[in-house]
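Colleague: Please take a close look at a single part of this model and follow its contacts outward. I would like one connected account rather than a list.

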Amino acid sequence: MAFADSKIIVFLCLVLIFASSLGFCKPTLDKDPTPTPTPWPLQFHSILVMNYSGILQVIDLWYDWPNGRNFNIIQHQLGNVLYDLEWNNGTSFFYTLDSSKTCSSAHVEVGILRPNWLEGATYLGQQHVDGFLCNVWEKVEFIWYFEDVVTKKPVHWVFYTGREAHVMTFEVGAVLEDSKWQAPVYCFHNTTASIDSTTHRLLDGVLKGSTDL
């Protein structure tokens, strides 16, 4: 009788091992949480290629949250270079360094984008873009943001206007030397004014601080 009981026990153990190998006895795991966008590094340098219906720009972007400043150096295709220098106190300068020495300034109600400006964005799923598998979010129907699933670096973003940014480089921790952040002296000969329509059109597609973001 004892021998028979032992056979039954061995049989049951074998059944349990077999069932476990098939996954029948594995505990049910919770589904992965909805992905959230990675906050921007406190300091970084990025080169962006902008495209709006075939109109191309290359933007040299320097983001420096600890020092409260953001710099977009905008090269227009076969055209001039526009410097968009922003400070966290709401002051912005838009100028050229060529012989025209043009400059205008503006004061906006908010400073530069916070590192966590994508907080609260709506997750839309995954999509391949520019050869990368990306998680995609939408923020206040203003921007669609694509982040590489593997590296968590931004790859691409699209504004509500249709203007697209393609991220070519993303150097975490890179800092532009302080001397480059100084607006030219002729900027301080002009009075502060609202952004004119031409400058606004040129800056459409540049990530700037906003009460919505």
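Modeller: A residue counts as buried when its relative accessible area is under 20%, as exposed when it is over 50%, and as partly exposed in between. The model is predicted, and what follows holds for that prediction. The part I have chosen is strand E10, residues 154-159.

With the cut-off in hand, E10 can be described briefly: 6 of its 6 residues are buried, so the strand is largely enclosed by the rest of the structure. One of its residues, Trp157, has a relative accessibility of 3% and therefore counts as buried.

The sheet gives the setting. It is open, has 11 strands, and runs in the order E6-E5-E4-E3-E2-E1-E11-E10-E9-E8-E7 with antiparallel pairing. In that order E10 stands between E11 and E9. The edges are E6 and E7 (122-129), each of which pairs on one side only. On average, neighbouring strands of this sheet are turned by 20 degrees against each other, direction ignored. As a general point, strands of a sheet pair through backbone hydrogen bonds, either parallel or antiparallel.

Take the two neighbours of E10 in turn. With E9 it pairs in the antiparallel sense over 5 bridges, and within this pairing Trp144 stands opposite Val158 in E10. The two strands form a hairpin with 5 residues between them. Lys152 lies in that loop and has a positive phi of about 65 degrees although it is not a glycine. At 40% relative accessibility, Lys152 counts as partly exposed, whereas E10 itself has 6 of 6 residues buried.

With E11 (164-172), E10 again pairs in the antiparallel sense, here over 3 bridges. Val158 stands opposite Glu164 in E11, and on the E9 side its counterpart is Trp144. Val158 therefore has a partner in each neighbouring strand. E10 and E11 also form a hairpin, with 4 residues between them, and Gly162 in the turn has a positive phi of about 100 degrees.

Beyond E9, the sheet continues through E8 to the edge strand E7. Val140, in the loop between E8 and E9 (143-148), is another residue that has a positive phi, about 45 degrees, although it is not a glycine. Its relative accessibility is 45%, and Val140 counts as partly exposed. E7 and E8 (residues 132-139) pair in the antiparallel sense over 7 bridges, and Trp137 in E8 is the bridge partner of Tyr123.

Beyond E11 comes E1. Met50 lies in E1 and is buried, with a relative accessible area of 1%. Met50 and His166 are 116 residues apart in sequence, yet 6.4 Å apart in space, C-alpha to C-alpha.

Now the aromatic rings. A search of the whole structure finds 16 aromatic pairs. One of them joins Trp157 to Trp40, with 6.4 Å centre to centre and 40 degrees between the planes, a tilted pair. It links distant parts of the chain: Trp157 is in E10 and Trp40 in the loop between helix H1 (2-21) and strand E1 (43-52), 117 residues apart. Trp40 is buried as well, with a relative accessible area of 6%. Both Trp residues belong to one aromatic cluster, whose other members are Phe44, Tyr63, Trp117, Tyr145 and Phe170.

The last contact to mention ties the edge strand E6 to a loop. The whole structure has 1 disulfide, formed by Cys103 and Cys187, whose sulfur atoms are 2.0 Å apart. The link is right-handed, with 110 degrees about the S-S bond. Cys103 lies in E6 (residues 103-107) and Cys187 in the loop between E11 and helix H2 (197-203), so the pair ties together parts that are 84 residues apart in sequence. At 16% relative accessibility, Cys103 counts as buried; Cys187 does too, at 2%. Another cysteine, Cys134, is buried with a relative accessible area of 0%.

Definitions and conventions
Residues numbered from 1 in each chain as written. Predicted model: local features only at pLDDT ≥ 70, side-chain atom pairs only at ≥ 80, totals over all residues. Heavy atoms only, no water. Disulfide = S-S within 2.5 Å. Buried < 20%, exposed > 50% of the residue type's maximum accessible area, 1.4 Å probe, protein only. Phe/Tyr/Trp six-rings, centres within 6.5 Å; stacked < 30°, edge-to-face > 60°. Pairing = 2+ DSSP bridges. Axes fitted to C-alpha atoms, helices over the stretch in contact; angles between N-to-C directions.
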